[in-house]
Amino acid sequence: DLVDLARLDAIVDDWEAARRSGNRTAEANADQRIAAWVRQELSENRRDVAESRREVSRSQSEVNASRRERNRTTGTGRPLAAADDRRDLRDDRRDRADDERDLAKDRADRASTRTIAVALRDIQPAFDARDASAAQYARKSNLLADLKGLAAAEVRRNAAENREDARERREDRRERFE
């Protein structure tokens, strides 16, 4: 994601420089690179959503297993085991809720990227014809800034997700140890 963001920054910088200098060839080249980046990002968004769906499914399976385990120990005269199983179920439910939030964010990212991609596609003919207005240049510049914002947010969210995953792995190791 950091590489994607750096690549997008470089492409947008090239587009802006070509625009300022009036170099239509460099601008067209940057336009092609932007379109390729957007296609790749949309493909990545689809994969992210699919992976998030799988994570929600795995989390639900863990909730179901914890619920069964809690039900087996409740009322067996082993209050410590029952309390431990209740805590595990609570942790698994929290993890599932986190995964569901991640799925919602991934879907929102995909929708936002798609919206920007459509807007860029719709104004691109004016740039290809080399008769884009100042307003279209401003619009495209704003759309590219929005893309950069989405990419930067994805980097931040993935760092937080990595921390969350590490916490879940620690919990899983502790649960296996018990």
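The bend at a residue is the angle between axes fitted to the seven residues ending there and the seven starting there. In this predicted model, a kink of about 30 degrees lies by that definition at aspartate 122 in H3. The points below follow helix H3 and then turn to the enclosed cavities, of which there are two of 30 Å³ or more.

**Helix H3 and its end**
- Helix H3 covers residues 79–128, and because a rise of 1.5 Å a residue gives its 50 residues an expected span of 74 Å, the 72 Å between its end C-alpha atoms agrees with that expectation.
- The kink at aspartate 122 comes shortly before proline 125, and just after H3 arginine 130 takes a positive phi of about 60 degrees.

**The largest cavity**
- The largest cavity has a volume of about 50 Å³, and its lining consists of Trp37, Glu41, Asn45, Asp109, Thr113, Leu147, Leu150, Ala151 and Glu154.
- Helix H2 (24–73), H3 and helix H4 (134–177) each give two or more residues to this lining, with H4 giving the most, at four residues.
- By character, the lining of the largest cavity divides into four nonpolar, two polar and three charged residues.

**The second largest cavity**
- The second largest cavity holds about 40 Å³ of space, and Asp1, Asp4, Leu5, Trp37, Glu41, Glu44, Ala151, Glu154 and Val155 line it.
- Here the elements that give two or more residues to the lining are helix H1 (2–21), H2 and H4.
- The lining of the second largest cavity comprises four nonpolar and five charged residues, with no polar ones.

Methods
Residues are numbered from 1 along each chain as its sequence is written. This is a predicted model: local features need pLDDT of at least 70, side-chain atom pairs count only at pLDDT 80 or more; totals for chains, interfaces and linings use all residues. Side-chain values use heavy atoms; hydrogens and water are left out. The expected span of a helix is 1.5 Å times one less than its number of residues. On a 1 Å grid over the protein atoms alone, a cavity is a set of points where a 1.4 Å probe fits but cannot get out, and a pocket is an open set with protein on both sides within 12 Å along at least five of seven lines; lining residues have an atom within 4 Å of a point. Grid points are joined across faces, edges and corners, and a volume is the space filled by probe spheres set on the points. Ala, Val, Leu, Ile, Met, Phe, Trp, Tyr, Cys and Pro count as nonpolar, Asp, Glu, Lys and Arg as charged, and the others, Gly among them, as polar.
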